[in-house]
Amino acid sequence: MYNMKPEVFNFNSVKGISQRQLNEHYKLYVGYVNILNQIWNTDYTPQNYTDSNPTYSKMRSLKLGETYALNGVKLHNLYFKNMTGGNTTPHGPVLNSIINQFSSYDNFLSYLTNVGLSMRGWAILSIDSLDNKFHIIGSDLHDKGSVWISYPILVMDVYEHAYFMDFGTNKKEYISTFIKNINWTVVNKRFQKYLHLLQILNINHNRYIPYEFLNRHI
Ligand SMILES: [Fe+2]
């Protein structure tokens, strides 16, 4: 029986985004957790799924709802976690690697901002298992544009629900405010966990070996 609870975040640490905006956003996240519990508590009974087809069917509704809710839960967990708690001074190995790969921190921020402005759902700094390098992934919906076996380091919600109450159509101002709230301790921990995983798998992250990450799992 699934009875997952939403994580709790310290919104008091967030500067420039109102508590009302954050609390309303949090309610959406709680809704995804509740729906995911409901979906994962649905037993599979063959006689309930006799009309399966890719246009409209009970199974199709269930599967579309599952990926939407599941990604909605994971991405909001990561987003709220990496924008709360303070520690907002860029630092550490992740910053060094960002500068190394994107030429400069300002260049990275410009790229992230433009991805955020261009997407309707998410902008995610992720390390892909194909090349073990950073990629800024853009997504329009929780379940659209998602990349498998890609490791999210920094997650930015750019759905209108994330900012419209405070910023109206000024999405750029929201993105800039979000960036000022990034918790670099959290981001560094994620990065170090990924490096640790590579170490365990004995993979040199400076080498480009396609699918090595995947192959080592087999
Ligand atoms: Fe959201």
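The exercises below work through the fold, two helix pairs and four single residues of a predicted model.

**Exercise 1. Describe the overall fold and decide how compact the protein is.**

Step 1. The secondary structure consists of 8 helices and 3 strands.
Step 2. Read along the sequence, these elements follow the pattern α-α-α-α-β-β-β-α-α-α-α.
Step 3. The radius of gyration is 19 Å, close to the 17 Å given by the globule rule for 218 residues, so the protein is as compact as a globular protein of that length.
Step 4. The C-alpha trace spans about 55 × 45 × 30 Å along its principal axes.
Step 5. Of the 218 residues, 25% are buried.
Step 6. Among contacts with a separation of 6 or more, 68% are between residues 24 or more positions apart.

**Exercise 2. Classify the packing of helix α3 against helix α7, and list the residues that make the contact.**

Step 1. The axes of α3 (residues 92-102) and α7 are 7 Å apart and meet at an angle of about 80°.
Step 2. Angles from 65 to 115 degrees count as roughly perpendicular, and therefore α3 and α7 are roughly perpendicular to each other.
Step 3. From α3 the contact takes G92, P93 and V94, and from α7 it takes W184, V187, N188, F191 and Q192.
Step 4. By class, these residues are 5 nonpolar and 3 polar, with no charged residues.

**Exercise 3. Place F191 in the structure: is it buried or exposed, and which residues does it touch?**

Step 1. F191 belongs to helix α7, residues 184-200.
Step 2. A residue is buried if 20 or more other C-beta atoms lie within 10 Å of its own; F191 has 23, so F191 is buried.
Step 3. Apart from residues up to four places away in sequence, F191 touches P93, V94 and I153.
Step 4. P93 and V94 are also part of the α3 side of the contact with α7.
Step 5. I153 is 38 residues from F191 in sequence, yet their C-alpha atoms are 6.3 Å apart.

**Exercise 4. Repeat the classification for helices α4 and α6.**

Step 1. The axes of α4 (residues 105-118) and α6 (residues 171-180) come within 10 Å and cross at roughly 135°.
Step 2. This angle makes α4 oblique to α6.
Step 3. The crossing of α4 past α6 is right-handed.
Step 4. L109, T113, G116 and L117 of α4 meet K171, K172, I175 and I179 of α6.
Step 5. The contact residues divide into 4 nonpolar, 2 polar and 2 charged.

**Exercise 5. Compare the backbone and surroundings of N87 and N132.**

Step 1. Most residues other than glycine have a negative phi.
Step 2. N87 is not a glycine, but has a positive phi of about 55°.
Step 3. N132, also not a glycine, likewise has a positive phi of about 55°.
Step 4. N87 sits in the loop between α2 and α3, whereas N132 sits in the loop between β1 (122-128) and β2 (134-139).
Step 5. With 16 other C-beta atoms within 10 Å, N87 is partly exposed; N132 has 20 and is buried.

**Exercise 6. Locate Y49 and state its exposure and contacts.**

Step 1. Y49 lies in the loop between α1 (19-40) and α2 (58-81).
Step 2. Y49 has 13 C-beta neighbours inside 10 Å and so counts as partly exposed.
Step 3. Setting aside neighbours within four places in sequence, Y49 is in contact with K58 and M59.
Step 4. R60 is 11 residues from Y49 along the chain, and their C-alpha atoms are separated by 9.7 Å.

Conventions: Residues numbered from 1 in each chain as written. Predicted model: local features only at pLDDT ≥ 70, side-chain atom pairs only at ≥ 80, totals over all residues. Axes fitted to C-alpha atoms, helices over the stretch in contact; angles between N-to-C directions. Helix = DSSP H or I, 4+ residues; strand = E, 2+ residues; numbered from the N terminus. Parallel < 35°, antiparallel > 145°, perpendicular 65-115°, else oblique. Left-handed = near helix turned anticlockwise from the far one by under 90°. Contact = placed C-beta atoms within 7 Å. Nonpolar A, V, L, I, M, F, W, Y, C, P; charged D, E, K, R; others polar. Rg over C-alpha atoms; globule rule 2.2 N^0.38 Å. Buried ≥ 20, exposed ≤ 12 C-beta atoms within 10 Å, placed from the backbone.
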